[in-house]
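Reader: I would like to go through this model claim by claim and hear, for each label, which value it rests on and which cut-off it is set against.

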Amino acid sequence: MNLRFFSFLSRFSLPREGRGGVVVILVLLAIGCVRDPDLHLHRDNHVEFDVPDVQIDLDVMWEYDLDYDWHAEWSYGWDYEDEQAMGPLGYSEPKAYNLRRYYLGGWPDQPHTTEQQYVVGEKTFRTRYNYGFYDVLVYNHLDDDVVQSIVFDESTLDSVMVYTNASMMASRYQAPVYDRSFNQPDELFSAYERNIHITDDLADYDHYDPVNRTYYKKMKMQLLPVTYIYLTQVRLHHNNGKVTNAVGDANLTGMARGVTLNSGIANKDVVSVYYNVRFKKDCVIKQTGEKVDIAGGRCLTFGIANQNSSRVAKASDVKDRVKHYMDVNLMFYNGMDTTMVFDVTDQIRRRYRGGVITIDLDMDTIPVPLRPGGSGFDAVVKEFDEENFYLEI
């Protein structure tokens with residue numbers, strides 16, 4: 001019996017339900033089998049990858065609580081100018097994928113000593129497998145024509161590390177280790193399968209297709225985000241022209257500097273992530289119908305340090321030891337600006353794989369700054385309603 005070829009079919013799709021909102025890859029291994037008078041097993045076999053489109057849905061990704069509706073909480077909206085300045089509201093569909101294949105030989109759980117690299121840009125990709133064990137890493141390929149913030153570290157074959165570098169913006173939160181904010185990463189998704197066993201035993205395979213004379217073996221991988229989107233909004237109640245603009249500089253602090261693509265675990269180093277915000281007037285809060293002015297933005301991060309947030313089941317499982325702050329620089333009607341700093345630790349931990357971060361500010365309680373330069377003050381918002389608002393300065 002001759003084993004003619006392998007077919008390796010990878011299907012990327014996103015379930016519409018299911019907690020965690022993952023992207024599922026269905027991988028089918030197939031062996032073409034033709035009975036010949038002389039039994040002979042080929043030691044080298046074709047493998048085919050079929051890579052359809054990937055769809056990432058924030059409604060699934062951010063499905064934390066049964067009664068949580070991020071659309072209702074998000075008052076800022078997202079228009080053409082927002083997308084041009086800050087990118088799409090949600091994730092973008094990858095156009096191509098990187099594949100790293102590691103041959104382990106005849107034993108599983110071996111360190112990687114050889115590597116083959118491929119960029120999968122078409123719907124179908126073919127290569128060859130020997131009998132034995134393989135590890136396979138797949139992650140989205142970044143557009144070579146676009147300036148990238150991400151740095152890939154492949155100095156060891158056993159893992160692919162990813163991180164970003166510091167921006168030009170000063171930041172005091174992680175000083176003295178880091179005295180500058182770090183750039184946002186690009187969107188990244190990864191899947192890693194270990195100890196894929198390619199054998200000559202037909203009992204290892206799940207299905208035989210007599211028409212194509214092909215044996216099939218099914219496996220599952222998960223393509224998960226390793227970067228997480230936070231939509232931030234500072235809603236200004238009773239503003240009445242007091243704040244006229246957002247300068248555009250903002251930081252989200254205590255986020256991981258990088259991630260290991262193989263494990264999906266963010267590294268232990270925490271940094272401030274720099275991002276932009278824009279200012280809009282007369283936005284409507286859906287729950288109340290109230291019109292407010294908002295400084296809103298989109299911040300892409302590696303998430304909470306030292307965990308794989310895509311695989312966390314509930315907020316009580318989050319292992320987080322640092323405080324998270326959001327700062328926004330607001331411009332007042334007298335031409336002076338101030339940087340307002342908010343403690344968003346509880347919100348980040350509740351929205352551990354991304355989501356809407358909201359600060360409500362009663363501008364009747366905020367003094368107008370008398371000097372420029374963003375010196376400002378730290379604002380800790382306890383609670384906002386029409387009757388009561390507390391602000392510690």
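Reader: Where does Asp-109 lie, and what makes its phi worth a remark?

Author: In this predicted model, Asp-109 sits in the loop between strand E4 (97–105) and strand E5 (116–120). Its phi is positive, at about 60°, although Asp-109 is not a glycine. Most residues other than glycine have a negative phi, and most peptide bonds are trans.

Reader: Which value does Asn-240 have for phi, and why is Asn-240 called exposed?

Author: Asn-240, another residue other than glycine, has a positive phi near 50°, and its place is the loop between strand E15 (228–237) and strand E16 (243–256). The label exposed requires a relative accessible area over 50%; Asn-240 has a relative accessibility of 74% and therefore counts as exposed.

Reader: Which peptide bond is cis, and where is the proline concerned?

Author: The bond from Ala-175 to Pro-176 is cis, with omega near 5°, and Pro-176 is found in the loop between strand E10 (166–170) and E11.

Reader: Why is Pro-185 called buried, and what does Pro-185 touch?

Author: Buried means under 20% relative accessible area, and since Pro-185 has a relative accessibility of 7%, it counts as buried. Pro-185 belongs to the loop between strand E11 (180–182) and strand E12 (189–198). Once residues up to four places away in sequence are set aside, Pro-185 touches Ile-150, Thr-164, Thr-227, Leu-300, Thr-301 and Phe-302. Val-273 lies 88 residues from Pro-185 along the chain, and the C-alpha atoms of the two are separated by 9.2 Å.

Reader: Which residues line the second largest cavity, and what is the make-up of that lining?

Author: The structure holds 2 cavities of 30 Å³ or more, and the second largest has a volume of about 40 Å³. Pro-185 is one of the residues lining the second largest cavity, together with Thr-164, Phe-182, Asn-183, Ala-256, Arg-257, Val-271, Val-273, Thr-301 and Phe-302. The lining divides into 6 nonpolar residues, 3 polar and 1 charged. Arg counts as charged, so Arg-257 is the residue behind the last of these figures.

Reader: Why is Pro-88 called partly exposed?

Author: Partly exposed covers the range between the cut-offs of 20% and 50%, and the relative accessible area of Pro-88 is 25%, so Pro-88 falls in that class. Pro-88 lies in the loop between helix H3 (80–86) and E4. Apart from neighbours within four places in sequence, Pro-88 is in contact with Trp-78, Glu-83, Glu-187 and Arg-298. The C-alpha atoms of Pro-88 and Trp-78, which are 10 residues apart along the chain, are separated by 8.4 Å.

Reader: What describes the protein as a whole, in secondary structure, burial and contacts?

Author: The secondary structure comes to 4 helices and 25 strands, and 54% of the 393 residues count as buried. Among contacts with a separation of 6 or more, 74% are between residues 24 or more positions apart. The accessible surface comes to about 18500 Å², with 49% of it belonging to carbon and sulfur atoms.

Reader: How do you know which stretches call for caution, and where does pLDDT stay under 50?

Author: The mean pLDDT of the protein is 80, and 75% of its residues reach 70 or more. Over residues 1–55, however, pLDDT stays under 50, although the model has 203 contacts beyond four places in sequence for them. Residues 380–393 also have a pLDDT below 50, with 35 contacts in the model beyond near neighbours in sequence. Where pLDDT is low, the predicted coordinates should not be read in detail.

How values were computed. Residues are numbered from 1 along each chain as its sequence is written. This is a predicted model: local features need pLDDT of at least 70, side-chain atom pairs count only at pLDDT 80 or more; totals for chains, interfaces and linings use all residues. Side-chain values use heavy atoms; hydrogens and water are left out. On a 1 Å grid over the protein atoms alone, a cavity is a set of points where a 1.4 Å probe fits but cannot get out, and a pocket is an open set with protein on both sides within 12 Å along at least five of seven lines; lining residues have an atom within 4 Å of a point. Grid points are joined across faces, edges and corners, and a volume is the space filled by probe spheres set on the points. Helices (H or I, at least four residues) and strands (E, at least two) are DSSP runs, numbered from the N terminus. Buried means under 20% relative accessible area, exposed over 50%, partly exposed in between (1.4 Å probe, protein chains only). Contact means heavy atoms within 4.5 Å. Accessible areas come from the Shrake-Rupley method with a 1.4 Å probe; for residues, only the protein chains shown count as cover. pLDDT is the predictor's confidence in each residue, from 0 to 100.
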